[in-house]
Amino acid sequence: MLANLPIPILQAPMVGASSFEMALAVSRAGALGSFGAGAMAPADIEAETRRLRAATDRPFGVNLFVLEPASPGQDEVDAAIERLRPWYEGLGIEPPAPPNDFAPDFQAQFAALLRAAPPLASFTFGLITSEQVAALKAAGVYVVGTATTVAEARAWAGVGADAISAQGAEAGGHRGTFLRSAEESLIGTFALVGTVRQAIDLPVIAAGGIMDGRGVAAALALGAAAAQMGTAFLLTDQSGASATWQAALRQSPDDPTRLTRALTGRYARGVETEFMATMRPTEGDVPAYPVQNRLTQPLRAAAAKAGDSQLLSLWAGQAVSQAGRGDAGELVKRWWAEARTVANDLAGRLA
């Protein structure tokens, strides 16, 4: 599939920021649009896939988070809620009662994904089984696994994935790490692409810190089959990011991002906020994803309504200051033209 894309760019499936309109614009431009379905109900996954398929005959992708059912102890949940109480009260609202569930059931989501059979399915946070990969392939789905280390890439190759999304440390949003700790898996994009290519014989998608045509050209020069871009799309016309999120990105200083697990219980990269900085000394105590994520959802929703960016998850990659503006499809075409110009210039210099 990747070799047949007119433009070897994948739009990252960002939960909360990718949208139907974004995926459609990118795919129609000749690249591959996608949407993040990690927080979706199974029926919504099928409906959104049908909607995209009806709107375009170009390939697109759907991403799921690979999660086991969460079963935290009551004491852990109560402590997490009390830790968040001052932040809720600062917005004039009460913390949530302990919820009955923390995330959509992955197995039900996977069953819906298999029924929907999008052209491409990608997975983050963990590894699906070889039987699940085989079922997707039998349905005509191209399977991409997210890896932050060579060992994770080998694991995906072992279950039969078609390609690897090599997520470098520069990438915005949640880390896809699943074999070692996040701290041990912070490998830069270009180093990761090279070592994964050396280790396994599968197409590699470079993800993290790629913001324009020069970055795309560099990724392809290193042997990547395609470049995945996420942060580059956050300020586009089709972005699903909230107005408060986008405004904070526009106003962010140089090198504004940090890794945190305070917001969701899984390390993620975003523009540093007051919440992140204040919670840093105790962020190791928060319950793992999806528990902390569920407990902060009402807080973040209220903060977005109030226009308070300091309590939001302002996910973004390290090069956020280069985020594109305008139509997502037109940007894809511009980036590809830039990449071709860079390649031609280099060919002349190296001749």
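Contact, as the word is used here, means that heavy atoms lie within 4.5 Å. By that criterion, and leaving aside residues up to four places away in sequence, F275 touches L84, W87, A262, L263, L299, Q310 and L311 in this predicted model. F275 also belongs to the largest nonpolar core, a set of 95 residues in which F123, I128, F233 and F275 have the most contacts. A second core, separate from that one, has ten residues, and L5, L32, L120 and A226 are among them. In soluble globular proteins, nonpolar side chains tend to be buried together.

The sheet gives a frame on which the other elements can be placed. Eight strands make up this open sheet, with parallel pairing, and their order across it is β1-β9-β8-β6-β5-β4-β3-β2. At its edges stand β1 (9–11) and β2 (33–36), each of which pairs on one side only, and from one strand to the next the twist averages 25°. Strands of a sheet pair through backbone hydrogen bonds, either parallel or antiparallel. At the β1 edge, the partner is strand β9 (residues 226–229), which runs parallel to β1 and is joined to it by three bridges; within this pair, I9 stands opposite A227 of β9.

Helices are packed against these strands. Helix α2 (residues 42–55) lies across β2 and β3 (60–65), and its direction is at about 165° to that of β3. Helix α4 (residues 106–116) also packs on the sheet, where it touches β3 and β4 (120–124), and it too makes about 165° with the direction of β3.

Helix α4 has a helical neighbour as well. Two packed helices are described by the angle between their axes and the distance between the axes. For α4 and helix α5 (residues 130–138), the angle is about 25° and the axes are 10 Å apart; angles under 35 degrees count as roughly parallel, and α4 and α5 are therefore roughly parallel to each other. The residues that meet across this pair are F106, Q107, F110, L113 and L114 from α4, with Q132, A135 and L136 from α5.

Strand β4, which α4 touches, also contains S122. Is the serine at this position buried or exposed? S122 counts as buried because its relative accessible area is 11%, which falls under the 20% limit. The side chain of S122 is joined to that of N63 by a polar contact of 2.9 Å, and N63 appears again among the residues that S122 touches beyond four places in sequence, together with P13, V62, L64 and V144.

Farther along the chain, helix α6 (residues 150–158) has V150, E152, A153, A155 and W156 buried. The elements that cover these buried residues include β4, β5 (142–147), β6 (163–167) and α7. After α6 comes G160, which has a positive phi near 100°.

Helix α7 (residues 189–199), one of the elements covering α6, is where F190 is placed. F190 is partly exposed, because its relative accessible area of 35% lies between the 20% and 50% limits. Apart from residues up to four places away in sequence, F190 touches G215, A218, A219 and L222. As for A171, which is 19 residues from F190 along the chain, the C-alpha atoms of the two are separated by 12 Å.

Note on methods. Residues numbered from 1 in each chain as written. Predicted model: local features only at pLDDT ≥ 70, side-chain atom pairs only at ≥ 80, totals over all residues. Heavy atoms only, no water. Pairing = 2+ DSSP bridges. Helix = DSSP H or I, 4+ residues; strand = E, 2+ residues; numbered from the N terminus. Axes fitted to C-alpha atoms, helices over the stretch in contact; angles between N-to-C directions. Core = buried A, V, L, I, M, F, W, Y, C linked by side-chain atoms within 4.5 Å. Buried < 20%, exposed > 50% of the residue type's maximum accessible area, 1.4 Å probe, protein only. Polar contact = N/O pair within 3.5 Å; in protein donor to acceptor, adjacent residues only side chain to side chain. Parallel < 35°, antiparallel > 145°, perpendicular 65-115°, else oblique.
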